[in-house]
Amino acid sequence: MKTSHLQIMSADGMFYDGKMMHLIVPATDGSMGILPGHEEMIIALSEGILQYQDGEERWFKVAIGRGALQYANNRCTVLVDTAERPEDIDVNRAMEAKRRAEERLREKLSEREYRNMQAALARALTRLKLKSSDNT
Amino acid sequence: MAQLREIKNRIDSIEGTQKITSAMYMISTTKLRQAKISRDNNAVYFNALKNMLERLLRHLPSFDHPYLRVSDKPKEDQVHAYIVVTADRGLAGAYNLNVIKAADKLAGEDGGRTQLFVVGEAGRRYYHNHGVKYEEGFVYSSERPTHARSRAITEIVLSKFEDGLIDDLKIIYTDMKSAIENDVRVRQMLPLVSAFDKMKNVPGDIYNEEFLLSPSPREVLNAVVPNYLNGYIYSALIESFCAEQNSRMLAMQTASDAAVSIVKDLSVKYNRARQQVITQELTEVSAGAEAIGAFMD
């Protein structure tokens, strides 16, 4: 099987650096699958669950924050502000963040605050979703 | 006797100060070590981000986007915003003053109107004492930078820029060049066109053949630019924090050394004075004995 190189970087440093056989990312306009040898591109990513298959055909799931993906010369670089594996996610914290965001969204907010709170809610929901899919 | 006690008191007080300065030195060393780790972790991400943005701007078709727009207001009406990164505390040599001086110089050169976003208590205190106006609600500490803090800062400046309240944004921070040298740096952050001036010469209409920008160039810029700014601000904060600890280490080292040499001088003085007192007492005793002896005869 063909492989390409995948690097996932978050603000805390390198998250994954290795081979990739299949990648599914949450683009801003829906999920997108990427196989080795893809056309060169830069796409925007939204909060969501990223899945990749490493060189040994194992699937991994990662909760990511906003960012972008660049595919060039058969190398894929994912730059996001946060990246977490299911085992690193603190359910209680995510629940708390979700509750807080929902509460704030009910208040009268400026357009910007509203967007921020929605983003925070999306982050919390992504974490919870990944955690619950991990347990089943 | 009075002089003796005076010298003793001074020695004690200087030794006390020395204890404090060497403790502060140790604290700065530890903080610097921790800060360097986060700096190195961040460097990988930030360099990749910078490369991506450069590539993006190179392949961008010529189109209008708020982040690329250079202000067309008359020069004297333009509002120049500066993020000035200072320390929370003093006692770090010329660290704070160097940043503030650079900011003042820059504001003088740019002309127009100035808006200051000051990070760190020391900088705010300086501007307050000198009657310079700065953004009051902007109260961020420079101690142990976090992503949450840099994100909040990005949020504020970006919204001001998007709303047209500021026309450009520069950041003034300190770079730790080496263990003994700090360098004040100035970087333009917004609008992006001037931040990446050299890209202007590359024709913008070749993107379609090379890069697919999905869903649209605008969306991609919207996703990348805030992250880039956040990354830049975080890097500047962490770099400044390293430089601050470094300056403080040097300042405290110098202070401790000075304390040692003062204590050395004072102990010589103290011993001499003590010797003098003893000699004087001896002279008095022997003179007394002689006087008594002379009387007995």
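## A walk from helix 3 to the A/B interface

In chain B of this predicted model, select helix 3 first: its buried residues pack against strand 1 (79-85), helix 2 (95-110) and strand 2 (113-119) of chain B. Helix 3 itself covers residues 121-129, so the ones to show as sticks are B:Ala122, B:Gly123, B:Arg124 and B:Tyr127, its buried residues. Helical geometry helps when reading that list: with 3.6 residues a turn, positions three or four places apart point the same way. Now step just past the end of helix 3 and click on B:Gly131, where phi is positive, about 65°.

Next, bring up chain A alongside chain B. Select the residues in contact: you should get 25 from chain B and 29 from chain A. Together the two chains bury about 2300 Å², with carbon and sulfur atoms giving 58% of that area. On the chain B side, highlight B:Tyr45, B:Met52 and B:Leu212, which lose the most area to chain A and make up 25% of what that side buries.

Colour chain B's side by element now. Helix 1 (2-58), helix 4 (147-162), strand 5 (212-214) and helix 7 (217-296) each supply at least two residues, and helix 1 gives the most, with nine. Recolour by class and that side shows 13 nonpolar, six polar and six charged residues.

What about salt bridges across the interface? The count is zero. Polar contacts do turn up, in four residue pairs between chain B and chain A.

Last stop: strand 5 of chain A, residues 41-45. Three bridges join this strand to strand 5 of chain B, and the two run parallel. Centre on A:Ile42 and you'll find B:Leu213 opposite.

Terms used: Residues numbered from 1 in each chain as written. Chains lettered and ligands numbered in written order. Predicted model: local features only at pLDDT ≥ 70, side-chain atom pairs only at ≥ 80, totals over all residues. Heavy atoms only, no water. Buried < 20%, exposed > 50% of the residue type's maximum accessible area, 1.4 Å probe, protein only. Helix = DSSP H or I, 4+ residues; strand = E, 2+ residues; numbered from the N terminus. Contact = heavy atoms within 4.5 Å. Buried area = accessible area lost by both parts, 1.4 Å probe. Salt bridge = Lys/Arg side-chain N within 4 Å of Asp/Glu carboxyl O. Polar contact = N/O pair within 3.5 Å; in protein donor to acceptor, adjacent residues only side chain to side chain. Nonpolar A, V, L, I, M, F, W, Y, C, P; charged D, E, K, R; others polar. Pairing = 2+ DSSP bridges.
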